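The following exercises are to be solved with the sequence and the structure at hand. Each task is followed by a worked solution.

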Amino acid sequence: MKKIIVAGAGHGGLIAAYHLARAGYDVTVYEKQQRADLGHDWHDYLDMTAFDGADIPRPDESMYRPGAYQAFRNPKGNVKIEVAYKEDARVMDRKVLYGYIFSLCDEAGVKYVFGAEISGVLFDNRKITGLKITKGGTEERVYADLVIDAAGMYSTVRRNLPAFCEIQREIEQKDIFHVYRAYYKNSEEIHCDVPYVMDLFHMNRPGLGWTIFEEDYTDILIGKFGAAGELTEAEINAALESYRRDYPFITEEIVRGGCVRDIPIAKMLPMIVADGYAAVGDSAAMTIPLNGSGIVLSMNAGKLLADAVIEAEGKTDKKSLWKYQYKYFTTLAKDLVIVAKLKDFFTFVDGSLVDYFLEADILSAELLACGNGDINIPTKQIFHILSKIGPVLKLTPDIIRNFKSVVRLPAAINDMPKEYDADKVKAWVDNYSRI
Ligand SMILES: Cc1cc2nc3c(=O)[nH]c(=O)nc-3n(C[C@H](O)[C@H](O)[C@H](O)COP(=O)(O)OP(=O)(O)OC[C@H]3O[C@@H](n4cnc5c(N)ncnc54)[C@H](O)[C@@H]3O)c2cc1C
């Protein structure tokens with residue numbers, strides 16, 4: 001029986017594990033945390049179609065609730081644009097989601113080793129053959145026909161891959177979104193018609209912030225684009241103070257969360273497969289810059305990966321795994337990678353320009369709703385946004401380069417070789433990476 005290792009219990013890795021175990025593969029997940037500790041200590045916004053795309057049953061209704069009605073606020077705070085949340089969007093506790101996916105994996109016969117830190121990659125004859133694992137102070141070597149890398153954006157698998165894999169090891173600082181998130185107790189019960197307020201360039205910080213008002217607590221997120229540097233404690237405290245001035249019922253008592261995390265907002269890594277290796281989820285930078293959806297995309301990708309392996313009857317060479325990469329790019333990532341370039345425009349603007357965009361209705365409700373909780377962001381909408389913001393920006397060489405990239409990316413994806421051919425794929429990767 002073919003052996004599969006899933007490195008890290010990331011969402012996409014678990015979905016691939018579930019389908020592969022059901023198809024008769026011997027699947028083991030190696031995860032550094034304990035099972036009960038998995039999952040961030042907060043709720044997430046999820047499109048229910050994630051479960052359809054991952055080809056697993058939708059969870060019972062008791063496990064989630066409807067998504068909140070949302071508003072976008074400009075830095076000055078004088079314009080608030082309300083946007084309807086996508087019909088299929090729901091709010092689900094991350095730990096409940098993990099519990100649900102694990103219950104499916106248990107039934108399918110997936111095996112797990114918790115408390116296992118992945119410290120290195122094994123290879124032989126230009127093929128990835130396994131991992132170095134440290135558990136309870138002892139290092140062991142585990143071997144498999146395929147290593148599925150679901151260890152997140154700082155994956156120690158991807159970062160330790162040998163050079164012949166030609167896979168980008170690091171996510172650049174400019175492609176990281178630093179976020180602080182915590183739930184603070186409310187001093188009184190709160191009822192809001194529009195409980196979810198997204199602040200663009202809150203306090204002129206290049207990034208986003210949100211306040212989501214629940215009855216008993218307020219969910220606060222303070223985010224900063226990596227291009228503008230790390231998120232400092234002083235910035236977090238200043239943003240919290242400002243929110244408490246705006247909403248005096250927010251106390252200082254943290255009821256959940258309270259940590260800084262990073263989200264990849266890169267334009268999807270150009271190469272995510274090698275002989276015996278495939279990356280999925282944050283490890284491959286699959287999140288949509290600006291709107292998240294990393295869970296949805298990881299889960300969808302996990303299913304595509306399992307399909308490719310099953311279709312190739314267990315072959316795990318680069319040629320067979322390329323079918324997974326090709327399918328992911330051409331069905332899901334196609335339009336989304338362009339959003340990464342859209343995000344780069346934020347490095348060229350400041351708070352006053354964002355004020356202007358909202359005051360002058362350039363970033364209208366229709367445009368802000370585009371991709372809100374949705375993974376389908378049509379290229380047409382993106383060009384529409386650019387046609388609105390373009391004339392307002394001073395056309396520096398950097399901005400012109402970025403405009404050109406947005407135009408060239410869809411064509412680059414269309415040119416992706418359907419079948420693996422080393423020279424053609426190399427030429428494609430070089431072109432995609434340059435844009
Ligand atoms: C504040 C915040 C809010 C978010 N909100 C949303 C949202 O509303 N909707 C949404 O879809 N997405 C959201 N995301 C994004 C989402 O968290 C990720 O995109 C999603 O978790 C997919 O990542 P992953 O499953 O690939 O990896 P991860 O969730 O990072 O999982 C990786 C796993 O690998 C394990 N691991 C890492 N290194 C090792 C090692 N060396 N050895 C062994 N195990 C290891 C980790 O312990 C972890 O369990 C949010 C992220 C943040 C930070």
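**Exercise 1: A strand pair**

Identify the residue in strand 10 that is the bridge partner of E117.

Solution. The bridge partner of E117 in strand 10 is T134. The model under study is a predicted one. Next, consider the pair as a whole: strand 9 and strand 10, the latter spanning residues 127-135, run antiparallel and are joined by seven bridges. Finally, examine the connection: the two strands form a hairpin with two residues between them. In this turn, N125 has a positive phi of about 50°.

**Exercise 2: Two helices**

Determine how helix 6 is oriented relative to helix 10.

Solution. Begin with the geometry: helix 6 (residues 318-344) packs against helix 10 (residues 397-414) at an angle of about 175°, and their axes are 9 Å apart. Angles over 145 degrees count as roughly antiparallel; therefore helix 6 is roughly antiparallel to helix 10. Then list the contact: helix 6 contributes residues including F329, V337 and L342, which meet residues of helix 10, among them V406, L409 and I413. By class, the residues of this contact comprise eight nonpolar, three polar and three charged.

**Exercise 3: The ligand shell**

State where the ligand lies with respect to domain 1 and domain 2.

Solution. First, count the surroundings: 33 residues are around the ligand, and G8, G10, G152, G281 and G294 come nearest. Helix 5 gives the largest share of the shell, four residues. The shell consists of twelve nonpolar, 14 polar and seven charged residues. Because domain 1 (3-66 + 90-171 + 269-330) and domain 2 (174-264) both give residues to the shell, the ligand lies between them.

Methods
Residues are numbered from 1 along each chain as its sequence is written. This is a predicted model: local features need pLDDT of at least 70, side-chain atom pairs count only at pLDDT 80 or more; totals for chains, interfaces and linings use all residues. Axes are lines fitted to C-alpha atoms, for helices over the stretch in contact, and angles run from 0 to 180 degrees between N-to-C directions. Angles under 35 degrees count as roughly parallel, over 145 as roughly antiparallel, 65 to 115 as roughly perpendicular and the rest as oblique. Two residues are in contact if their C-beta atoms, placed from the backbone, lie within 7 Å. Ala, Val, Leu, Ile, Met, Phe, Trp, Tyr, Cys and Pro count as nonpolar, Asp, Glu, Lys and Arg as charged, and the others, Gly among them, as polar. Domain bounds come from an automatic or database domain assignment. Two strands pair if DSSP finds at least two bridges between them.
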